[in-house]
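Welcome! Let's walk through this structure together, one question at a time.

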Amino acid sequence: MKPSFNPKQAVGQYWEHRAETFLSQKGLKFIARNFSTQCGEIDLIMLDHLHIAFIEVRYRQPSRFGNAGLSITASKRRRITRCAQGFLQQHPKWRSHPCRFDVITYDAGVNSREPYWLRAAFESTTSASAVD
């Protein structure tokens, strides 16, 4: 049976690819894409010099509720943090690297060609030793 086409996933993949291209042009090195665990998924994982950057990519149509960056709730941050811990458990070679959580946002109608890149957008909400 053929997997069903999900337009929302296709849009997400498009913006994740744009973000990966942008970050690669800024010198980051690709590690993984769409890494998932039971806790959730991390869109991109890239190496920025010595730092492992766990990157959430957001695209948002104009909204009265704010920009794409505001859509990352405390719950979403916890899921990303737990997923990052899972990545480090599965890939021990990266454990010695300092880690951070970045956000790349594209807001429709606000020059969506250039993303807004927020390095170290948030800190781990769980044990610092597990991720930092």
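Q: How far apart are the end C-alpha atoms of α1, and what span should its 19 residues have?
A: In this predicted model, α1 has 19 residues, and at 1.5 Å a residue they should span 27 Å. The computed distance agrees with that expectation, because the end C-alpha atoms of α1 are also 27 Å apart.

Q: Why can the buried residues of α1 be said to line one face of the helix?
A: The buried residues of α1 are Trp15, Glu16, Ala19, Glu20, Phe22 and Leu23. Seen down the axis of α1, they fall within a limited arc, so they line one face of the helix. On the other side of α1, Pro7, Gln13, His17 and Gln25 are exposed. The arc that holds the buried residues is 160°.

Q: Which strands do the buried residues of α1 pack against?
A: Let's look at the sheet before the helix. The sheet is open, has 5 strands and shows mixed pairing, in the order β1-β2-β3-β4-β5. Helix α1 (residues 7-25) packs on this sheet, and its direction makes about 15° with that of β2. The buried residues of α1 pack against β1, β2, β3, β4 and β5.

Q: Which strands are the edge strands of the sheet?
A: Follow the strand order β1-β2-β3-β4-β5 and look at its two ends. An edge strand here pairs on one side only. The edge strands are β1 and β5 (116-122).

Q: In which sense do β1 and β2 pair, parallel or antiparallel?
A: Strand β1 covers residues 29-37 and strand β2 covers residues 40-48, with 7 bridges joining the two. They form a hairpin with 2 residues between them. Across the pair, Phe35 stands opposite Ile42, and Ser36 stands opposite Glu41. The sense of the pairing is antiparallel.

Q: At what angle does α2 run to β1?
A: Helix α2 has 17 residues, which should span 24 Å at 1.5 Å a residue, and its end C-alpha atoms are 24 Å apart, in agreement. This helix lies across β1, β2, β3, β4 and β5. Its angle to β1 is about 110°.

Q: Which element supplies the largest share of the largest nonpolar core?
A: The largest nonpolar core has 19 residues, and those with the most contacts inside it are Ile31, Ile42, Ile45, Ile52, Phe54, Phe87 and Trp94. At least two residues each come from β1, β2, β3 (51-60), α2 (74-90) and β4 (99-107). The largest share is 5 residues, and the element that supplies it is α2.

Q: How many residues are in the second, separate core?
A: Nonpolar side chains tend to be buried together in soluble globular proteins. Here a second core is separate from the largest one, and it includes Trp15, Ala19, Leu44 and Ile55. One of these, Trp15, is among the buried residues of α1. The size of the second core is 13 residues.

Q: Which residues does Phe54 touch, leaving out those up to four places away in sequence?
A: Phe54 is one of the residues with the most contacts inside the largest core. Its partners include Ala84, Phe87 and Leu88, which are buried in α2. The full set is Ile42, Leu44, Ile45, Ala84, Phe87, Leu88, Cys99, Arg100, Phe101 and Asp102.

Q: Is His49 buried or exposed?
A: The place of His49 is in the loop between β2 and β3. Its phi is positive, about 60°, although His49 is not a glycine. Its relative accessibility is 69%, and since exposed means over 50%, His49 counts as exposed.

Q: What is the phi of Ala120?
A: Most residues other than glycine have a negative phi. Ala120, in strand β5, has a positive value although it is a residue other than glycine. Its phi is near 50°.

Q: What pattern does the chain follow along the sequence?
A: The secondary structure of the chain comes to 3 helices and 5 strands. Of its 132 residues, 40% are buried. Read along the sequence, the pattern is α-β-β-β-α-β-β-α.

Note on methods: Residues are numbered from 1 along each chain as its sequence is written. This is a predicted model: local features need pLDDT of at least 70, side-chain atom pairs count only at pLDDT 80 or more; totals for chains, interfaces and linings use all residues. Side-chain values use heavy atoms; hydrogens and water are left out. Two strands pair if DSSP finds at least two bridges between them. Helices (H or I, at least four residues) and strands (E, at least two) are DSSP runs, numbered from the N terminus. A nonpolar core is a set of buried Ala, Val, Leu, Ile, Met, Phe, Trp, Tyr and Cys residues joined through side-chain atoms within 4.5 Å. Buried means under 20% relative accessible area, exposed over 50%, partly exposed in between (1.4 Å probe, protein chains only). Contact means heavy atoms within 4.5 Å. The expected span of a helix is 1.5 Å times one less than its number of residues. Axes are lines fitted to C-alpha atoms, for helices over the stretch in contact, and angles run from 0 to 180 degrees between N-to-C directions. The arc is that of the directions from the helix axis to the C-beta atoms.
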